[in-house]
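Here are a few exercises to work through with the coordinates open. Try each task before you read its solution.

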Amino acid sequence: MERSQNIIRKAKEIANGMRGFDYETELLEDIGYRNSVIQITENQVLENIKRVQRLNDLNESQSVERPISVKAGYNLTIEMETGTGKTYTYIRTMYELHKQYGWSKFIVIVPSIAIREGAYKSFEVTQDHFQELYGHKIIPFIYNSGRPQDIEHFASDSRISVMIINTQAFNARGVDANRIKQELDQFGTRRPIDIIAQTNPIIIIDEPQSVDGPATLESMKDFKPLFTLRYSATHKVDYNKVFRLDALDAYNKRLVKKIQVKGINLKGSTGTTGYLYLEQIVLSTSKPPFAMLEFEKRDNIGVKKVRQKLSEGANLFELSGNLPAYKNHTISEISGYLNKVVIGGEDIYPGDILNDKDEHAFRRVQIRETIMSHLQKEKVLFDKGIKVLSLFFIDSVEKYRVYDEAGEQALGEYAQIFEEEYKHAVNDFVDLFHQEYNHYLHETDPTNVHKGYMPSNYLEYLKRDDAQKVHDGYFSIDKKGKSIDPTVKRGSEESDDISAYDLIMKDKERLLSFEEPKRFIFSHSALKEGWDNPNVFQICALKNAETGSQTRRRQEVGRGMRLCVDKRGVRQDFELIGDQVHDVNKLTVIASESYEAFAKGLQTEIAATLKDRPQKAEVKFFVGKVLFNKKDEEHRLTEDEANKLNKVLFKHDVIDEDDKITSLGRELIEQSKMPLPETLEPFRGAVAKLLKSIYTGESFKPEDERKTIVLTTNPNFKKKEFQDLWEKINFKTIYEVNFDTEKLISDSRGRINKDLHISYRTYEVKTGELKDGTREQMQEGALIVESERQNLKLKTDLYTNATYDIVGEIESQTNLTRLTVVDILKAIDSQKFYLLHKNPEEFIAKCSKLINEVKASLIINNIVYHKTEERYDAKTVFTNDKSALRDSELLKKHIYDYLTSDSKIESNFAKDLENSVEVIVYAKLPKSFYIPTPIANYSPDWAIVFDKEKVRHIYFVAETKGSDSDMDLRGIEQLKIHCAEKHFGSITGGVVKFCKVSSYDKLLEIVN
């Protein structure tokens, strides 16, 4: 009785125009709980979509776009690059939709079992996290045609209910597949699909480009979704795109790994007739460079390929056993700077294979190169507690695993090659490791040479497992337990795909444990979406380039783009490790083509996905764009303003005659220093963001791994002048902040009273009356006649039943105590609380932002640093296998031979330091040398020793920025600079100066 009265009361509220939505779920006798329907008009929905698109700099939809028909419901597209947390995002979206609107019925549709298992695993591992955030857990279930009772529970549960289903379960043929559409006795002869449909579910499609076939879309209508959210990195069709986090955004925001390519270039030769493969050029601080070269050698048994370390002057004819193909082939030059060797007058670069058409040998080279890259990266990351994995894609399972007539498993061709090459690589690596480390000890502390000391337990880990234990294959498995090709149909025999993914999809924690020996994975190239692991650092495709595929490289690279985690499962992202994120997170692709071909192909594939990004800063691009100033006030660009902006940018060479952004323009935009019309100065940040959204074609380019060089310190590091500077700056500090809480409360009150402005939420509500008619007309909604339409500014208690812990939300966003937040809210003008009714989420967000700005200003004026006895260790800071590109010139005054920076400002600064007669020695400081701040760890740029006539050895630590004005710095950057000044003042007493400069000339002015 009470339930019926509640439903009647809610119906009256809607009829009287008091509520735009009923956000609570309603308990109905026949089906249980269901999501309340959307009652605003389609026109208002479209306006809401367009507003969100404007805020996110997306093309505005001209109509509500649907895959099939009106019955398909509303569809919203969310574009998220692979590895950026798509599954986490849609799980959190469910919680938010439930919190804000009471919607609780969700269906996650996936195209494959791999993605289904991965999605289910994500729900499982994030349960505790979301329990802390929202106070309850989602316990999803995977649809199983043999368990229709799960459907009943889905409909009758009052909590958030989530069903994960792959498309074959409702779109395939067969008795079991059709059970979802059959009348079942368990439901009183009703169909499970009908029970699901009556809950008005919200559908979330994971990878819709693999789902959107005509038959699947038609079947999906049977769910009668309230609306559909579509998540993917590679949408075929964008239905009302409301969010974009594409490859360019993900890389610029450092949400994914940096890509390196190790190309292998198979080519003929005009001078060399014998087989040659130049693996690498090895540089040493104590010896001339040598080449690791593979060639053919004749012995008593026959001719075989051998690898040797060769120096300049090596005679390949003699070394090969006088094979005629190598006559007159002497290594006349080995250039570490140019990264090449010259043999018989021909230039050969690392990765070049000459005169070989043997695919078996080519695959061996790829496997060897993958192992070498793996070991190099594993050596660096082992001490950080990060396990390194490598992934091989193959076309045929039989190349990896075969079965004899008795059904016994045996190694295939690639597995045999892997074990042979792994044994050789480990032995070579161990020998080289000992040589390099003993040389380093001899140079820095000769007394340690014979102690057998190793810097970590890595060598023990490396030698712990035999070759056969470190690799495995993951493929579909037939009913007899044999690996099979998942792309080949085998009559009525169905493969049990679930067992193929147990370790990589269900037991990721075990795979990421150092106790688990497996770290090389062979998998079928058909496994694309849904197959990934955060700690894949090498990917090798043991197959030919697929000219017909437009997304081949990107799909394969996507399996390793996710940021890695350590052995505790902690993600190594920017929030945790700051600017080191791309030093730690590098994905190396061992390509079956040259670097140039792979890089060009990858850029082309990525560019094809950026189709809705603007490519020119033309007038029509600017017209109508919405800008926000620091007070979050909105301004829409007029055609006149767009014309003026375009002309100013062209006049100052930010754009060229074709409205494309120039190289100078990219730097100015990145620093937000581009010239603007005076009227747009208040919106500088918004204009910079707008210009950054323009794709220039040069923004995303993978790094050539062959051109990188592992750096070790040169003799400049041992100079007394630099060691004296290092002894002065290597102290660590701790900080304390003592600001007056009353001052925080007072200043926060002033900022909130002055700058807190909230916009109303507006909904269009229809009311109407129900006429008499048939059941079919009633189901189609044809009997409702619209009688009134009104726009309502709805207060919190009217338009939502969501409750808010205002204090708790602000507390979590400001890291203040609950008592302090209460005092601030009590102090502000009581009129401001009317804004809370207008839009509670915006009230919380803007209050938190204003309080944080006040807190930052108080920190700057009240932070104190104290020197500790703890120091940074030079071996850790300066010899941690850093790498640089060989493209730059050799440096003479730097402590490394090359510069580890791709910033033009820093490159120019280094050139000026090199050419300055006043500079004795300098260092581009590594990110592992940092200063703790209340915001994040901060690493200054340069340590410099000057030699002046009157005052010898002036010491500076410098930060290079695009401007000398503190007004041009963002609040966070300004706070970091201030903390650095306090830090160095504390540890050196003013002996070492710290300053922020835009150029070397500015620094010289300060020195003088």
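Arg254 lies in the loop between helix H10 (247–252) and strand S10 (258–262). Keep in mind throughout that this is a predicted model.

**Exercise 1. Backbone angles in two loops**

Task: find the phi of Arg254 and place the residue on the scale from buried to exposed.

Solution. Start with the background: most residues other than glycine have a negative phi. Arg254 is not a glycine, yet its phi is positive, about 55°. Next, look at the surface: the relative accessible area of Arg254 is 26%, so it is partly exposed. Now repeat the steps for Asn200, which sits in the loop between helix H8 (192–197) and strand S7 (202–206). Asn200 also has a positive phi, near 50°. Its relative accessibility is 15%, so Asn200 counts as buried.

**Exercise 2. The two sides of a helix**

Task: work out which residues of helix H37 are buried, and why they lie on the same side.

Solution. First list the buried residues of H37 (residues 1000–1007): Tyr1000, Leu1003, Leu1004 and Val1007. Because they cover an arc of only 100° around the axis, they fall on the same side of H37. The spacing rule helps here: an α-helix has 3.6 residues a turn, so residues three or four places apart point the same way. Then turn to the face directed away from the buried side, where the exposed residues Asp1001 and Glu1005 are found. Finally, ask what covers the buried residues: the cover includes helix H35 (904–915) and strands S37 (919–924), S38 (942–946), S39 (954–960) and S40 (992–997).

**Exercise 3. Aromatic pairs**

Task: describe the geometry of the pairs Tyr101–Trp103 and Phe717–Phe878.

Solution. Two numbers are needed, as a ring pair is described by the distance of the centres and the angle of the planes. The structure holds 38 aromatic pairs. In one of them, Tyr101 and Trp103 are 5.1 Å apart centre to centre with 55° between the planes, a tilted pair. Tyr101 is partly exposed at 21% relative accessibility, while Trp103 is buried at 5%.

Phe717 and Phe878 are likewise tilted, with 5.3 Å between centres and 55° between planes. This pair joins distant parts of the chain, 161 residues apart: Phe717 is in the loop between strand S31 (708–710) and helix H26 (720–729), and Phe878 is in helix H34 (residues 874–878). Phe717 is buried at 11%, and Phe878 is buried at 1%. To finish, follow the ring pairs outward: they link Phe717, Phe722, Trp726, Tyr872, Phe878, Phe929 and Tyr930 into a cluster.

Methods
Residues are numbered from 1 along each chain as its sequence is written. This is a predicted model: local features need pLDDT of at least 70, side-chain atom pairs count only at pLDDT 80 or more; totals for chains, interfaces and linings use all residues. Side-chain values use heavy atoms; hydrogens and water are left out. Buried means under 20% relative accessible area, exposed over 50%, partly exposed in between (1.4 Å probe, protein chains only). Helices (H or I, at least four residues) and strands (E, at least two) are DSSP runs, numbered from the N terminus. The arc is that of the directions from the helix axis to the C-beta atoms. Contact means heavy atoms within 4.5 Å. Rings of Phe, Tyr and Trp (its six-membered ring) pair if their centres lie within 6.5 Å; planes under 30 degrees apart count as stacked, over 60 as edge-to-face and the rest as tilted.
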